[in-house]
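I opened the notebook with a few places to look up in this structure. Entries follow in the order I checked them.

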Amino acid sequence: MKRLGLISLLLILLLTSGCLGKNPATSERILAFGTLIDVTIVETPRGEATKAMEQLQQLFARLHRDWHAWEEGPLQQTNQQLQAGTWFTPSPQVLPLLKLSIPLTEASEHLFNPALGRLVDLWGFQGRPGNCTQLPQPAQIQALLQQNPRLSDLQWQGDQLRSNNSALRLDFGAVGKGYGIDLAIDLLRQLGIRNAMVNAGGDLRAIGHRSGRPWRIGIKHPNGNVLGALEISGDESVFTSGNYERRYYCDGKLYHHIIDPRSGHPSVGTDSVTVIHSDAATADAAATALFIAGPDHWPGIAQSMGIGQVALLDNQGNLYLTPEMEKRLKLLNDRVRIRVVDIAPAE
Ligand code: AMP
Ligand code: MG
């Protein structure tokens, strides 16, 4: 009798951990957008999950090519057409990403500004890797700041488009990964998959649950440790922008890839920002915009972008949290000083 009890207990444990379930988790790694994307699909027959993985591989390979900021492909072609200043029909591979970016630039007061490709390139965060011997000349930055390229410099006529700013060059590095993950989740849903996570190095969207439990994820501290942990379920995206990702040092000064459109220089004051939101494209763009808005101005930008869950770590060790984020984030770092900031709900 005792033995029977022990066996049933073991069985329950195995089942709830997903090890003995009919359809255990299927995981795969896909390389795209210069990062490894981990996809986990649960409660789906192995054969279906494997087919879904193949389709995701193809999707990410296509998006990687379509949106690459400096290699040959549809985005590079669009940039050449914009540069020419004449009317053209934008590529259907680029158009949706461009269109969804426009309201995000406006809501962020153009802190999220995918028209800044030339500045990103000047600082060495496109094909040419940045280094101390090739820092941009102040005059080059000044010239681009004066031309002030924005998506609002695009003119539309039916399905035709032209730019009236020769400094405008598109770079979707701050939103493409998010939109790509949204498209991946759409595809999984079309295939009937209800429980999955698509995780590009900590930037992710998860739907459903993991074998009856919430998905558990870690939030990186810029110093390489873990800042905290989150449980997510239902349908949520978590995105982090940090100064630790693509960077170099010159004379002890840090140069990283998030450019403040107001100064033309890498943004200062923030070390990292994590945002939780429903769709991944908005979460991605918002994390970048709030990073630039910094410790003093992020609440206003979060409000106008409709973001209620934010954790912003400044360069003084202050961790600013919205009340909703404070309730959810399990802090695993006791060095930070918590500042809870209530932002008025969006109207
Ligand atoms: P993220 O890691 O999502 O914050 O995106 C950073 C990437 O977006 C950079 O590597 C650049 O390609 C691009 N980027 C840099 N600064 C900006 C900006 N102010 N607005 C939009 N995209 C930017
Ligand atoms: Mg982003």
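**Ser267**

I started with Ser267 in this predicted model. Buried or exposed? Ser267 has a relative accessibility of 3%. The cut-off for buried is under 20%, so Ser267 counts as buried. I then looked up its place, which is the loop between β11 and β12 (270–277).

Which residues does Ser267 touch, leaving out those up to four places away in sequence? I noted His256, Ile258, Ile259, Asp260, Phe291 and Ile292.

**Ala293**

Next I went to Ala293, which lies in helix α8. I read a relative accessibility of 6% for Ala293, which counts as buried. I checked the separation from Ser267. The two residues are 26 apart along the chain, and their C-alpha atoms are separated by 8.8 Å.

I also listed what Ala293 touches, not counting residues up to four places away in sequence. The list reads Leu111, Trp298 and Ile301.

**The magnesium ion**

I stayed with helix α8, which covers residues 280–305. What coordinates the magnesium ion (ligand 2)? I found Ala174 through O, Asp284 through both O and OD, and Thr288 through OG1. The distances run from 2.0 to 2.5 Å.

I wrote the donor spacing along the chain as A-x109-D-x3-T. Why are Asp284 and Thr288 separated by about one helical turn? They are four residues apart in helix α8, so about one turn separates them. I looked up burial for this pair as well. Both Asp284 and Thr288 are buried.

**Positive phi at two residues**

I looked at backbone angles next. Most residues other than glycine have a negative phi. I noted two residues with a positive value.

Asn148 has a phi near 45° and is not a glycine. I placed Asn148 in the loop between α6 (138–147) and β3 (154–157). Its relative accessible area is 36%, so I entered Asn148 as partly exposed.

Asp251 also has a positive phi, about 45°, and is not a glycine. I found Asp251 in the loop between β10 (247–250) and β11 (253–256). Buried or exposed? With 84% relative accessibility, Asp251 counts as exposed.

**Leu122**

I moved to Leu122, in helix α5 (residues 117–122). Its relative accessibility is 16%, and I entered Leu122 as buried. How far from Leu122 is Gln137, C-alpha to C-alpha? I read 9.0 Å in space, for 15 residues in sequence.

I listed the contacts of Leu122, not counting residues up to four places away in sequence. Leu122 touches Arg128, Gln134, Pro136, Gln140, Ile141 and Leu144.

**Leu187**

I then took Leu187, which lies in helix α7 (residues 176–190). Leu187 is buried, with a relative accessible area of 16%. Which residues does Leu187 touch, not counting those up to four places away in sequence? I noted Gln55, Leu56 and Leu59.

I also checked Leu187 against His297. The two are 110 residues apart along the chain, and 36 Å separates their C-alpha atoms.

**The whole chain**

I finished with totals for the protein chain. How many helices and strands are there? I entered nine helices and 16 strands. The radius of gyration is 22 Å, close to the 20 Å that the globule rule gives for 347 residues, so the chain is as compact as a globular protein of that length. I also took the spans of the C-alpha trace along its principal axes, about 85 × 45 × 45 Å.

Of the 347 residues, 50% are buried. I looked up contacts between residues at least 6 apart in sequence, and 60% of these join residues at least 24 apart.

I noted an accessible surface of about 16600 Å² for the protein chain. Carbon and sulfur atoms account for 51% of that surface.

Last, I looked up charge. The protein chain has 32 positive and 33 negative side chains. I entered 7 Å as the separation between the centres of the two sets.

Note on methods: Residues numbered from 1 in each chain as written. Chains lettered and ligands numbered in written order. Predicted model: local features only at pLDDT ≥ 70, side-chain atom pairs only at ≥ 80, totals over all residues. Heavy atoms only, no water. Rg over C-alpha atoms; globule rule 2.2 N^0.38 Å. Buried < 20%, exposed > 50% of the residue type's maximum accessible area, 1.4 Å probe, protein only. Contact = heavy atoms within 4.5 Å. Areas by Shrake-Rupley, 256 points an atom, 1.4 Å probe, with all protein chains shown as cover. Lys, Arg positive; Asp, Glu negative; His and termini not counted. Charge placed at Lys NZ, Arg CZ, Asp CG, Glu CD. Donors = N, O, S within 2.8 Å, 3.2 Å for Na, K, Ca; no water.
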